[in-house]
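Q: I have a protein model open on my screen, and I would like to learn how to read it. Could you walk me through some of its features?

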Amino acid sequence: MDEVTRHRQEAETERIRAVWHEHDFLGALEAAVTALGEHAAYLDATNVFPVADRDTGTNLLLTAQAALRSARAAAGNGLGAVARAAADAALRAAHGNSGVILSQFFRALAETVVERDQLDAAALATALSRADALARRALLQPVEGTMITVLRAAAEAAQHAAAKGSTLPELLRHVRTAAIEAVTRTPEYLPILRERGVVDSGAQGLAVLFDAWAAWAEATAPQLQPRPAPLVTFPLDGQGSCVNVLLETTGISAERLAEELAQLGDSVEIVGGTPFVRIHLHAEEPDRALQTLQRFGRLLSVVIDDLAGSPPSLTLSEPRKRALLVLSPAPRIVTLAHRLGALGVATTERRNLLETLTQEIAALPVEHLTVLPGSRADWELARALVERLQRPRIEALPVRSLAAQLVVLLLHSDGNGETAGDQSAVAETLTRLRTANIEQASNGEWVALTPEAESERVRGEDLAAVLLRTLALLGAERAESCTVVVGEHGPRVAPLRQAIAARWPHLPVEWFWGHQPAPALSLALE
């Protein structure tokens with residue numbers, strides 16, 4: 001090979017590495033979701049501003065997961081369409097201050113690449129500056145020492161790097177450094193962070209995303225390593241409710257709406273445009289806030305969380321013909337169900353379940369209730385409820401696995417707390433699923449058990465090897481998708497994700513951090 005040809009090939013390699021096309025963007029999204037999933041429990045536990053309600057990590061994770069899920073569905077239509085799908089899904093899924101600001105980052109990206117087929121350093125710098133402006137505009141009262149401080153630092157670093165002609169990986173390296181440094185400065189702005197010896201969790205979460213993107217672009221390990229949640233967490237000190245609404249409107253004055261909401265609460269955020277607007281606020285009287293919002297459009301999704309951390313009660317604000325009740329040992333699946341408009345109960349966190357649920361369900365203003373369990377114990381509980389209750393009409397779906405529960409919830413929930421279509425569609429989905437659970441035995445071995453063949457167990461000391469053998473047993477070679485629900489004491493996901501991708505590059509994997517006590521991993525292949 002002559003010198004001219006070698007330099008030409010090196011230049012071509014650098015050109016390809018320096019930009020992201022559709023598949024690169026999807027890979028970066030997956031890397032971000034993995035990183036946020038592994039940091040989420042720590043971010044929840046160290047969340048103290050504006051209130052200690054332990055949901056920042058969860059809000060960031062669920063928003064990013066929705067963006068990735070929708071982006072994958074749009075794959076094949078080009079970078080612009082994929083980025084737009086991610087932004088739209090992030091807006092719909094955004095909850096809390098952190099989720100709303102993250103949705104603005106995805107919106108800025110989508111607006112920047114709307115007519116592009118690749119993302120380069122200059123475009124990302126433009127997107128970050130746009131995201132900085134959008135995030136600050138969304139907040140009625142921007143507060144430094146939070147995500148917006150990190151976003152501005154990232155935007156300024158990106159502009160400086162782009163002006164110097166940096167490639168996309170080089171720019172992301174500068175963005176990561178600026179973001180991490182900005183996070184360390186957050187206690188300088190907020191006394192509560194100094195008092196409790198933490199940095200802002202939303203700011204840290206945004207730095208985790210930039211770190212994941214920088215590492216993915218250069219095929220290196222992230223600098224920010226996941227930390228376990230502290231055994232002693234800060235007391236929940238919130239009062240009132242966190243109100244999250246998706247509003248359908250033909251056009252509103254955001255300024256006028258913000259003025260009215262400011263009289264009812266604080267932490268007001270308004271993002272989006274026609275026809276969908278995402279609204280977030282903390283309010284002492286959430287019903288008054290909803291009444292105000294109804295004057296501006298149609299409420300498509302309403303989620304009200306207790307800032308004191310009380311679990312969602314089994315209540316409905318208005319009568320329904322049908323409703324979905326999710327019973328699960330995975331708290332984050334319950335949270336997801338709640339945000340999709342369903343009823344949810346974390347079955348490991350409540351006592352006297354049969355008696356309590358019988359009374360609460362009987363009082364629901366609903367004609368037909370579908371129960372979606374997540375384990376064998378939950379399935380038995382659901383069957384007992386069916387036998388006990390005469391009203392409402394109640395049926396239990398035959399689901400005995402967390403991964404299968406998540407598949408059904410995502411495929412068949414219509415977003416308003418009902419199962420879309422008839423039950424035959426759900427039954428047909430269940431017939432296509434092959435499931436297994438992986439747990440660590442007392443001797444340190446990893447053990448996989450497939451409910452379809454309980455006598456067949458896969459054992460081994462290396463989790464990745466056990467996972468691959470189990471997936472092979474379930475038919476990964478012929479599968480169209482894989483779902484993995486990760487437990488509270490589950491393993492690091494990044495090496496497992498890489499092992500699956502290397503063995504079955506055709507197989508899309510939905511990783512979901514359920515935070516359940518057991519199993520460590522719940523698998524479903526379709």
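**Reading the model step by step**

A: Gladly! Let's begin with a single residue: histidine 515 is partly exposed, as its relative accessible area is 27%. Keep in mind that this is a predicted model.

Q: Where does histidine 515 lie?

A: Histidine 515 sits in the loop between β13 and β14.

Q: What is phi of histidine 515 near?

A: Here is the general idea: most residues other than glycine have a negative phi, and most peptide bonds are trans. In this structure, histidine 515 has a phi near 65°, which is a positive value in a residue other than glycine. Serine 267 is not a glycine either, yet its phi is positive, at about 50°. You will find serine 267 in strand β2, residues 265–272.

Q: You mentioned peptide bonds. Which peptide bonds are cis here?

A: Let me show you two places to look. The bond that leads from arginine 391 to proline 392 is cis, and its omega is near 0°. Proline 392 is placed in the loop between α16 and β8 (393–396). Another cis bond runs from alanine 518 to proline 519, again with omega near 0°. Proline 519 belongs to the loop between β13 (509–513) and β14 (521–525), where histidine 515 lies too.

Q: Now a helix, please. Which residues of helix α15 are buried?

A: A residue counts as buried when its relative accessible area is under 20%. In helix α15, residues 353–362, the buried ones are Leu353, Leu357, Thr358 and Ile361. These residues span an arc of only 125° around the axis, so they are on the same side of α15.

Q: What covers the buried residues of α15?

A: The cover includes three strands, β5 (320–328), β6 (343–346) and β7 (366–372), as well as helix α16 (376–388).

Q: Is leucine 151 buried or exposed?

A: Leucine 151 counts as buried, because its relative accessibility is 1%. This leucine is part of helix α7, residues 147–163. Leaving aside residues up to four places away in sequence, leucine 151 touches Leu128, Ala131, Asp132, Ala135, Leu206 and Phe210. Take phenylalanine 210: along the chain it is 59 residues apart from leucine 151, while their C-alpha atoms are separated by 10.0 Å.

Q: And is aspartate 24 buried or exposed?

A: With a relative accessibility of 14%, aspartate 24 counts as buried. Its place is in helix α2, residues 22–45. Beyond residues up to four places away in sequence, aspartate 24 touches Val19 and Trp216.

Q: Let's zoom out. How many helices and strands are in the protein chain?

A: The protein chain has 20 helices and 14 strands. Its radius of gyration is 23 Å, close to the 24 Å given by the globule rule for 526 residues, so the chain is as compact as a globular protein of that length. Along the principal axes, the C-alpha atoms fill a box of roughly 80 × 60 × 45 Å.

Q: What share of the residues of the protein chain count as buried?

A: Of the 526 residues, 55% count as buried. As for the surface, the chain exposes about 22,400 Å², and carbon and sulfur atoms supply 50% of that. You can look at contacts as well: among those with a separation of 6 or more, 74% come from residues 24 or more positions apart.

Q: Finally, how far apart are the mean positions of the positive and negative charges?

A: The chain has 49 positive and 64 negative charges, and their mean positions are 1 Å apart.

Note on methods. Residues are numbered from 1 along each chain as its sequence is written. This is a predicted model: local features need pLDDT of at least 70, side-chain atom pairs count only at pLDDT 80 or more; totals for chains, interfaces and linings use all residues. Side-chain values use heavy atoms; hydrogens and water are left out. Buried means under 20% relative accessible area, exposed over 50%, partly exposed in between (1.4 Å probe, protein chains only). Helices (H or I, at least four residues) and strands (E, at least two) are DSSP runs, numbered from the N terminus. The arc is that of the directions from the helix axis to the C-beta atoms. Contact means heavy atoms within 4.5 Å. The radius of gyration is taken over C-alpha atoms; the globule rule is 2.2 Å times the number of residues to the power 0.38. Accessible areas come from the Shrake-Rupley method with a 1.4 Å probe; for residues, only the protein chains shown count as cover. Lys and Arg count as positive and Asp and Glu as negative; His and the chain ends are not counted. The place of a charge is taken as NZ of Lys, CZ of Arg, CG of Asp or CD of Glu.
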